[in-house]
Amino acid sequence: MSKILGIDLGTTNSCMSVIEGGQPKVIENKEGARTTPSMTALAKNGERLVGASAKRQAVTNPEHTLFSVKRLIGRRWDDPEVQRDLAFMPYKIVKHGDGVAIRLGDKEHTPEEISAMILRKLKEDAEERLGEKVTEAVITVPAYFDDAQRNATKVAGEIAGLNVRRIINEPTAAALAYGFDKKVGQKILVYDLGGGTFDVSVLDVSEDTVEVKATNGDTHLGGDDFDRRIIEWIIAEFKKQEGMDLGKDPLALQRIKDAAEKAKIELSTTQQTEVNQPFISSDANGPKHLTLTLTRSKLEEIVGDLVEKTFGPVRSALQDAKLGKEDIQEIVMVGGMTRMPLIQKKVEDFFGKKPNVSVNPDEVVALGAAVQGGVLAGEVRDVLLLDVTPLSLGIETLGSVMTVLIARNTTVPTNKSQIFSTAADGQTSVEIHVLQGERPMATDNKTLGRFILSDIPPSSRGLPQIEVKFDIDANGILHVSATDKATNKKQEITITASTGLSKDEIERMKKEAEMHAQEDEKKREYIEHRNIAETMIYTAEKMLRDAGEKVTAEERKEVEEKITALKQVMEGDDHAVIKKAADELSESAQKVGAKMYASQEGQGAQGGQEAHGAQGAQGGTEEPIDAEFKEKNEDKPSENN
Amino acid sequence: MSQNDQPLSEPIQEKGEESTIEHQCEEYLTGWKRALADYDNLKKTLGEEKESLRNILHEGVLLRLFPLVDHFDQALRYQPKNEDPALQNWIKGVLLVRTQLEDVLRSLGAEPFGQSGEIFDPSMHESAGSRSDAVYPDQSILEVLQRGWKIKERIVRPANVIINIHVETTNA
């Protein structure tokens with residue numbers, strides 16, 4: 001069965017996607033671009049152009065270059081929107097029955113036929129990329145499209161040789177791409193700021209449908225308006241500096257457009273950018289250079305009112321849906337312009353929660369259409385829907401630190417094991433405290449369960465090898481086991497609620513981790529230094545004991561002094577001082593250790609190996625690692641302090 | 001026969017259960033095989049994607065360098081009309097730097113294109129405006145504002161041009 005093509009037939013740009021290996025994937029067009037301008041043209045030589053090539057000749061062939069035909073599709077001649085466009089569009093729109101047609105050369109075409117030209121290009125390019133025939137498609141339309149407009153879009157698909165399996169709403173597709181169709185009972189707001197239009201939709205997800213509760217927008221507000229503002233600002237600034245109007249110079253204008261686009265993109269990640277276009281023009285006094293600094297705050301000032309303008313429709317849509325902004329559980333951002341940090345921030349401020357931006361906003365609708373296509377083709381049914389662990393899972397180790405075994409966002413089923421050891425000499429039992437969360441300190445995370453592995457043969461700390469294994473099965477059930485490798489004694493626990501957290505709970509935990517990131521990092525560092533220092537003391541003392549007569553009194557004294565010094569500073573809280581003292585002890589101990597090795601190869605290996613093990617902490621899973629257990633009933637943290 | 005029929009009914013039922021289990025096993029095995037195949041294919045795709053990512057990065061770097069050549073060209077467009085040999089020699093030096101830059105880009109696989117006199121082709125040229133000149137053919141390029149660049153025959157930046165539109169044909 002051939003693939004079903006998901007098509008986002010946009011007003012300015014179109015995008016297509018198919019399911020591959022259970023996942024939606026954008027298909028590049030013949031020119032290697034991921035989106036295709038929704039433009040067609042009749043070139044002077046009679047050739048029909050579609051996509052980028054149509055766009056490239058638009059300036060010199062405006063009457064025969066058609067764009068934004070989506071604004072006309074399925075509309076009646078007397079529709080106010082059509083009457084409004086008559087004045088705007090450089091191409092000729094004529095009455096055709098009750099509807100409209102567009103004159104291209106000496107022929108008249110319906111908007112369906114024009115859209116079909118775009119769809120046909122997408123179809124053919126997809127066939128070339130996929131190496132197989134594509135005959136079926138899912139096409140998206142704005143939520144506010146009426147039956148006539150939907151039908152006309154379907155007809156366009158059929159003219160293009162596509163069997164249109166379904167017409168779906170763009171906001172629904174965006175929600176599908178995020179997998180939100182499974183969030184039964186949730187209200188989702190889709191904020192779609194495209195090239196030339198702004199749409200906002202409120203969705204209500206139920207058992208088997210995604211219902212559009214309300215839709216609103218502004219048909220003449222989009223990314224192009226933002227670009228225009230930046231270009232105007234650059235032209236005005238240059239005029240102020242040089243008294244010259246660059247707006248009339250086609251090359252200068254092209255360079256300014258490119259520079260404005262570059263500045264806009266750069267300011268999404270930086271606070272300031274340079275607009276640098278040397279030799280942009282010249283007058284009697286010689287060449288002129290365009291050099292400007294554009295800050296993010298200036299950009300936000302230039303376009304601030306445009307951003308504000310989008311919130312009118314957002315409020316109206318909420319009102320129509322009879323919902324408050326607090327009723328919205330998810331916000332999905334669509335359209336390239338939503339990458340702008342100001343827009344994301346304003347949306348976040350308005351709703352008090354972060355909008356979803358992780359799926360490319362230029363592609364999210366097409367990806368969703370492909371997902372719908374996949375469902376229709378049965379591809380998605382065959383593919384097991386794999387879940388991910390929403391939060392990290394791990395155990396508590398020395399110093400009340402959480403050591404992560406399975407990081408968050410790991411796809412399940414999965415398993416991971418790591419070898420740990422004891423924290424004290426003669427320790428015969430370890431407590432496995434299973435934790436969930438993103439904070440480095442055990443106490444800040446959620447306890448999922450605890451169990452004790454006892455009857456470990458008493459030995460020096462760091463010697464026993466205890467393998468802890470985490471296994472999450474496909475149902476999200478977590479099995480944790482601990483095995484003493486020496487005796488093969490095993491204890492385990494099964495936790496069923498490992499992924500059963502509510503969305504809010506997960507969000508709260510993630511947010512807390514973000515909020516406390518800095519102090520947590522400091523705390524973690526502090527404990528790490530203390531742990532290293534403590535291991536250092538233990539190793540050095542053991543070494544001196546084992547060495548006996550092999551060390552001179554002088555050497556012994558030096559190490560002992562350093563040990564005392566380190567113990568002293570460990571009573572305090574300054575981890576920089578602790579680290580320094582530990583480093584000093586390590587240096588002295590290493591000198592002695594090296595000497596012992598030299599004098600007696602082999603026999604003294606034990607102590608040396610341990611010292612090494614303690615320092616080379618984050619090694620593989622084969623070696624005992626530094627993250628040791630605290631023993632049950634033993635107040636390890638306080639002992640460490 | 002009727003007596004024999006009775007006990008036979010049980011094994012038939014068992015067989016039914018068995019076939020359900022068999023069917024299920026088959027389904028699981030298919031799913032497993034599919035998952036392994038998906039993984040294997042993913043590894044291949046990742047290899048290809050790595051290659052394409054490398055190309056994209058390469059292209060991204062080149063795209064940022066093209067404006068430098070443009071700016072050199074712009075600088076030369078506005079070169080002072082002064083016969084002073086010292087200045088002319090200096091300009092010659094700047095021209096050499098420009099040539100050097102273009103050579104570097106060529107050695108990295110980029111090829112400039114777009115010449116006056118060529119016929120306008122929107123698959124590789126972008127028109128920024130038009131003039132009318134009866135001397136040259138209709139739709140020919142009168143001026144190249146910015147040259148285009150291709151990498152391995154793929155147009156990564158169209159040439160920006162002013163084209164010739166014969167007045168009598170504009171009304172067609």
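Guide: Two strands count as paired here when DSSP finds at least two bridges between them. The model discussed below is predicted.

Visitor: Over how many bridges do strand 8 and strand 9 of chain A pair?
Guide: Strands 8, 9 and 10 of chain A form an open sheet in that order, with antiparallel pairing, and strand 8 (92-96) is one of its edge strands, pairing on one side only. Within the pairing, A:Lys92 stands opposite A:Arg103 of strand 9. Because pairing requires at least two bridges, strands 8 and 9 (residues 99-104) qualify, their antiparallel bridges numbering five.

Visitor: Which helix packs on this sheet?
Guide: The helix in question touches strand 9 and strand 10 of chain A, and its direction makes about 85° with that of strand 10. It spans residues 111-130 of chain A and is helix 3.

Visitor: Is A:Thr197 buried or exposed?
Guide: A:Thr197, which an unreviewed UniProt entry annotates as phosphothreonine, is found in the loop between strand 13 (187-193) and strand 14 (198-205) of chain A. Beyond its neighbours within four places in sequence, its contacts include A:Arg71, A:Asp192 and A:Asp218. Its relative accessible area is 12%, and since the cut-off is under 20%, A:Thr197 is buried.

Visitor: Where does the largest nonpolar core lie with respect to domain 1 and domain 2 of chain A?
Guide: This core has 49 residues, and A:Leu189, A:Val314 and A:Ile343 touch the most other members. Helix 6 (residues 223-242) of chain A gives the most to it, with seven residues. Because domain 1 (5-222 + 304-386) and domain 2 (223-303) both give residues, the core lies between them.

Technical notes:
Residues are numbered from 1 along each chain as its sequence is written. Chains are lettered from A and ligands numbered from 1 in the order in which they are written. This is a predicted model: local features need pLDDT of at least 70, side-chain atom pairs count only at pLDDT 80 or more; totals for chains, interfaces and linings use all residues. Side-chain values use heavy atoms; hydrogens and water are left out. A nonpolar core is a set of buried Ala, Val, Leu, Ile, Met, Phe, Trp, Tyr and Cys residues joined through side-chain atoms within 4.5 Å. Buried means under 20% relative accessible area, exposed over 50%, partly exposed in between (1.4 Å probe, protein chains only). Helices (H or I, at least four residues) and strands (E, at least two) are DSSP runs, numbered from the N terminus. Domain bounds come from an automatic or database domain assignment. UniProt positions are given in the numbering used here, feature names are shortened, and annotations may be inferred rather than shown by experiment. Contact means heavy atoms within 4.5 Å. Axes are lines fitted to C-alpha atoms, for helices over the stretch in contact, and angles run from 0 to 180 degrees between N-to-C directions.
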